[in-house]
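The following exercises concern charged and polar side chains in a protein model. Each task is followed by a solution in steps.

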Amino acid sequence: MIITPSILTADFSRLGEVCDEAIAAGIDWIHLDVMDGNFVINKTVTFGPAVIRSLRNHIGSEIKLDCHLMITNAEETWNQCVDAGVDMVIAHLEAVEDFPSLISQLHEAGVQ
């Protein structure tokens, strides 16, 4: 079993420090919620490619990042998150027209 704690409720003015504290406590994964305000209501600040890239640069490659796409255009935007450094992409079946194609593209890009 893999537990991927979300940092959605973190103090974003201290995001790097919060992640450092979580890593020091023993986590191996960080969960990132990406919301578009359409598929789900944005209830807080969400993570886009710029924040993902900054976080990846801060924590290095040992800690895995999973990206939960709660968006209507996952098929068009997943690659931005992968390019920014995520290791896993989670998408909603009901928000994707061709889910098998999306899975194939993700695997071809080397992510789960």
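**Exercise 1.** Determine whether Glu21 is buried, partly exposed or exposed, and identify the residue with which Glu21 forms a salt bridge.

*Solution.* Step 1. The model is a predicted one. The relative accessibility of Glu21 is 46%. Buried requires a value under 20% and exposed a value over 50%, so Glu21 counts as partly exposed.

Step 2. The salt-bridge partner of Glu21 is Arg14, with 2.7 Å between the closest N and O atoms. This separation satisfies the cut-off, which is within 4 Å.

Step 3. Arg14 has a relative accessible area of 28% and is likewise partly exposed.

**Exercise 2.** Establish which residues are linked with Arg14 in a network of salt bridges.

*Solution.* Step 1. In addition to the pairing with Glu21, the side chain of Arg14 meets that of Glu17 in a salt bridge, at 3.2 Å from N to O.

Step 2. Arg14 therefore belongs to a network of salt bridges that links it with Glu17 and Glu21.

Step 3. Glu17 is partly exposed, its relative accessibility being 46%.

**Exercise 3.** The structure holds 3 salt bridges. One of them involves Arg56: find its partner, and state which parts of the chain the pair ties together.

*Solution.* Step 1. Side chains of opposite charge can pair when their charged atoms come close. The side chain of Arg56 meets that of Asp87 in a salt bridge, with an N to O distance of 2.7 Å.

Step 2. Arg56 is located in helix H2 (residues 49-59), whereas Asp87 is in the loop between helix H3 (74-84) and strand S3 (88-91). The pair therefore ties together parts that are 31 residues apart in sequence.

Step 3. The accessibility of each partner is then considered. Arg56 counts as buried at 11% relative accessibility, while Asp87 counts as partly exposed at 22%.

**Exercise 4.** Locate Asp33 among the strands, and identify the side chains that Asp33 joins through polar contacts of 3.0 Å and 3.2 Å.

*Solution.* Step 1. Asp33 lies in strand S1, which spans residues 29-35.

Step 2. With a relative accessibility of 6%, Asp33 falls under the 20% limit and therefore counts as buried.

Step 3. The side chain of Asp33 makes a polar contact of 3.0 Å with that of His31. A polar contact of 3.2 Å joins the side chain of Asp33 to that of His68.

Notes
Residues are numbered from 1 along each chain as its sequence is written. This is a predicted model: local features need pLDDT of at least 70, side-chain atom pairs count only at pLDDT 80 or more; totals for chains, interfaces and linings use all residues. Side-chain values use heavy atoms; hydrogens and water are left out. Buried means under 20% relative accessible area, exposed over 50%, partly exposed in between (1.4 Å probe, protein chains only). Helices (H or I, at least four residues) and strands (E, at least two) are DSSP runs, numbered from the N terminus. A polar contact is a pair of N or O atoms within 3.5 Å; within protein, one must be able to donate a hydrogen and the other to accept it, and residues adjacent in sequence count only if both atoms are side-chain atoms.
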